[in-house]
Amino acid sequence: MQDIDAEIKELIATIIEKDASQIDPDARFIEDLGVDSMMALEILAAIEKKYKIVIPEERLPEFITLNATIKIAKEYLADKK
Amino acid sequence: MMSSLNIEEIYKILPQRFPFVMIDRVTELEPRKKVVALKNVSYNEEFFAGHFPNNPVMPGVLIIEAMAQASIILFCGGKDACADKKLIYYLGAVKTRFMHPVVPGDQLIITVEPLKIISRAAIVKAKVQVLDKEVASAEISLVAK
């Protein structure tokens, strides 16, 4: 599962144009990392595409930190299996 | 279900008005799945007077605008789906590539397909062709409010 953590971190880093090493797992996207709502949607879409899962848009407001995002992604990955 | 839209039907969907309507016709409309739209580029377009004198080239930002307007039609879904909502659309992000200049006489064939659509926003993939040649492509994020 460690791989998924690193992959999602990398994917988010690319979208928000920061170095992966700069992203604290519990840093808040909007307040601390300057992420806007459109980037959050891009993150959701990128995760869906990478792992071929569907995350309902109701979950989007829960994408508030890297750790929270990884947790949600893993939920849907587990459902898939 | 596939259908097409004439300019009157396009006016019901797009909030833009003259001289900023960058779509003349929609030839294919699969609600929220695919839109193919046309924009005829005439030498009479006012921007050609200054962009550039003696060297008329359609400004890239207007090609982006054409792709964005086609994206609105894709986002809206059906013919009357957005008619009374009075939504305003904002571009969130655009990643564009321009391959060839667009000149008077060209007909832009704009194809847009969703990468992700939710109730208030969309990320779409767009490409613009003149005849069979791809002249521009983009990934566009838009928000409706």
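User: How many helices and how many strands does chain A have?
Analyst: Bear in mind that this is a predicted model. Read along its sequence, chain A runs α-α-α-α. That pattern goes with a count of four helices and zero strands.

User: Why is chain A said to be as compact as a globular protein of its length?
Analyst: Let's start with its extent: the C-alpha trace spans about 35 × 25 × 20 Å along the principal axes. For 81 residues the globule rule gives a radius of gyration of 12 Å. Chain A comes close to that, so it counts as compact, with a radius of gyration of 11 Å.

User: What share of the residues of chain A count as buried?
Analyst: To count here, a residue needs 20 or more other C-beta atoms within 10 Å of its own. Out of the 81 residues of chain A, the share that count as buried is 21%.

User: How far can we trust chain B, and which of its strands has the highest confidence?
Analyst: Its mean pLDDT is 94, and 97% of its residues reach 70 or more. Confidence in chain B is lowest in strand E1 (residues 3-5), at a mean of 92. At the other end, with 98, sits strand E3 (residues 34-40) of chain B.

User: Which residue of chain B has a positive phi in the turn between E2(B) and E3(B)?
Analyst: These two strands pair in the antiparallel sense over five bridges, and one partnership puts Leu29(B) with Val35(B) in E3(B). Three residues lie between the strands in this hairpin. The one in the turn with a positive phi, about 65°, is Arg32(B).

User: Which residue in E2(B) stands opposite Leu5(B)?
Analyst: Look at E1(B), which pairs with strand E2 (residues 25-30) of chain B in the antiparallel sense over two bridges. Opposite Leu5(B) you'll find Val26(B).

User: Which helix gives the most residues to the largest nonpolar core?
Analyst: That core has 56 residues, and Met67(B), Ala70(B), Ile73(B) and Ile110(B) touch the most other members. Leaving aside residues up to four places away in sequence, Ala70(B) touches six residues, among them Ile23(B), Val35(B) and Ala126(B). The top contributor, with 11 residues, is helix H2 (residues 60-76) of chain B.

User: How many nonpolar residues are on the side of chain B that touches chain A?
Analyst: The contact takes 10 residues from chain B and five residues from chain A. Strands E4 (89-98), E5 (107-117), E6 (121-130) and E7 (133-144) of chain B each give two or more residues to that side. With three polar and one charged residue there too, the nonpolar count is six.

User: What ipTM does the predictor give the complex?
Analyst: The predictor gives two scores for the complex. Its pTM is 0.89, and its ipTM is 0.80.

Terms used
Residues are numbered from 1 along each chain as its sequence is written. Chains are lettered from A and ligands numbered from 1 in the order in which they are written. This is a predicted model: local features need pLDDT of at least 70, side-chain atom pairs count only at pLDDT 80 or more; totals for chains, interfaces and linings use all residues. A nonpolar core is a set of buried Ala, Val, Leu, Ile, Met, Phe, Trp, Tyr and Cys residues joined through C-beta atoms within 7 Å. A residue is buried if 20 or more other C-beta atoms lie within 10 Å of its own, exposed if 12 or fewer, and partly exposed in between; C-beta atoms are placed from the backbone. Two residues are in contact if their C-beta atoms, placed from the backbone, lie within 7 Å. Ala, Val, Leu, Ile, Met, Phe, Trp, Tyr, Cys and Pro count as nonpolar, Asp, Glu, Lys and Arg as charged, and the others, Gly among them, as polar. pLDDT is the predictor's confidence in each residue, from 0 to 100. Two strands pair if DSSP finds at least two bridges between them. The radius of gyration is taken over C-alpha atoms; the globule rule is 2.2 Å times the number of residues to the power 0.38.
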